[in-house]
Amino acid sequence: EPFAPENFTQILSYLKFWGFRLGLLVNFGQSQAVIERVPYTPVASHQVEESYDFIKDLITTELRPMLVQVREGLLSIHHQFGAGYADTTYRKLVEIELRHRGLACLAEAIVTPTFHGFNLPTSPISPLVVEGKILVEVQALHENVSATTIRTMQTHLRVSGCTFGLIAVFGKAHFIIRGVRP
């Protein structure tokens, strides 16, 4: 393979940002230069899928306003930026948006797992920690929420002590928000 998936993600991000419709990927690392045209066509609208069924009994009167702010922030980013950026870009956008909305948002949370009463080495977790209560995992360019992502979120919820989590997927054709319980 002359190009990695990250190469396509990066050029699509550039095309979207600069408003161009066509880009070229060039790899000089082969015995012969490999050139691939990469067209970009903005998608008019994405389908939005939201599911809070798994967490509705965990949404207290204290957490409801927080959840509303997180949801509105995620939807705002989806409407403003659409699809085509990398996970790291969306994650930073979500972090900035939630802080702009007045929510405390920790991007590099460190947890200490325990086993039979013994502390294991500290470990970073990828979801954003909102107000110490809600985890938000941000993914891009997927078309669904995988079982692996749900299980990983459940593990992060248990070790972080957060009440519930949200997985936000900025997909090519769908934008998904899915609630996850520990």
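Begin by selecting Arg101, which counts as partly exposed because its relative accessibility is 26%, a value that falls in the range between the limits of 20% for buried and 50% for exposed residues. The structure on the screen is a predicted model.

**The whole chain**

Before going further with Arg101, display the entire chain. The secondary structure comprises 4 helices and 12 strands. The C-alpha trace spans about 60 × 40 × 30 Å along its principal axes. Of the 182 residues in the chain, 42% are buried. The chain exposes about 10,500 Å², and 56% of this area is supplied by carbon and sulfur atoms. Consider next the contacts between residues at least 6 apart in sequence: 61% of these join residues at least 24 apart.

Then colour the chain by confidence. The average pLDDT is 92, and 98% of the residues score at least 70. Among the elements of the chain, the lowest mean pLDDT, 87, belongs to helix 1 (residues 5-18), and the highest, 98, to strand 9 (residues 128-130).

**Salt bridges around Arg101**

Return to Arg101 and add Glu72 to the selection. These two residues form a salt bridge in which the closest N and O atoms are 3.6 Å apart. Which parts of the chain does this pair tie together? Glu72 belongs to helix 2 (residues 63-81), whereas Arg101 is in the loop between helix 3 (87-100) and strand 4 (105-106), so the bridge links parts that are 29 residues apart in sequence. Glu72 is partly exposed, with a relative accessible area of 36%.

Now select Glu97 as well. The side chain of Glu97 meets that of Arg101 in a salt bridge, with an N to O distance of 2.7 Å. Is Glu97 buried or exposed? Glu97 is buried, at a relative accessible area of 16%. Glu72, Glu97 and Arg101 are joined into one network by salt bridges that share partners.

**A salt bridge within helix 3**

Stay in this region and select Glu95 and Arg99. Both residues lie in helix 3, 4 residues apart, which is about one turn of the helix. Their side chains meet in a salt bridge, at 2.7 Å from N to O. The two partners may be compared by accessibility: Arg99 counts as partly exposed at 43%, while Glu95 counts as buried at 7%. In the whole structure, a search finds 8 salt bridges.

**Helix 1 and the loop after it**

Move next to helix 1 and select Ser13, which has its place in this helix. Ser13 counts as buried because its relative accessibility is 12%, which is under the 20% limit. Which residues does Ser13 touch, when those up to four places away in sequence are not counted? The answer is Gly84, Tyr85 and Ala86.

Turn on the surface and select Tyr14, Phe17, Trp18 and Phe20. Together these residues make a nonpolar surface patch of about 540 Å². Phe20 is situated in the loop between helix 1 and strand 1.

**The hairpin of strands 1 and 2**

Follow the chain onward to strand 1 (residues 22-27). Gly23, Leu25 and Asn27 form the covered face of this strand, and Leu22, Leu24 and Val26 the uncovered one. Then add strand 2 (residues 34-39), which pairs with strand 1 in the antiparallel sense over 6 bridges. The two strands form a hairpin, with 6 residues between them.

Two positions allow the pairing to be traced across the strands. Which residue of strand 2 is the bridge partner of Gly23? It is Val38. From the uncovered face of strand 1, select Leu22, which stands opposite Pro39 in strand 2.

**Pro127**

The last stop is Pro127, found in the loop between strand 8 (123-124) and strand 9. Pro127 is buried, with a relative accessible area of 1%. With neighbours within four places in sequence left aside, Pro127 is in contact with Arg91, Leu106, Leu135, Val136, Glu137 and His156. Finally, select His100 together with Pro127: the two are 27 residues apart in sequence, and 18 Å apart in space from C-alpha to C-alpha.

Note on methods:
Residues are numbered from 1 along each chain as its sequence is written. This is a predicted model: local features need pLDDT of at least 70, side-chain atom pairs count only at pLDDT 80 or more; totals for chains, interfaces and linings use all residues. Side-chain values use heavy atoms; hydrogens and water are left out. pLDDT is the predictor's confidence in each residue, from 0 to 100. Buried means under 20% relative accessible area, exposed over 50%, partly exposed in between (1.4 Å probe, protein chains only). Two strands pair if DSSP finds at least two bridges between them. Patches are made of residues with over 30% relative accessible area and no salt bridge: like charges are joined within 9 Å, nonpolar side chains (Val, Leu, Ile, Met, Phe, Trp, Tyr) within 5 Å. Accessible areas come from the Shrake-Rupley method with a 1.4 Å probe; for residues, only the protein chains shown count as cover. A salt bridge is a side-chain nitrogen of Lys or Arg within 4 Å of a carboxyl oxygen of Asp or Glu. Contact means heavy atoms within 4.5 Å.
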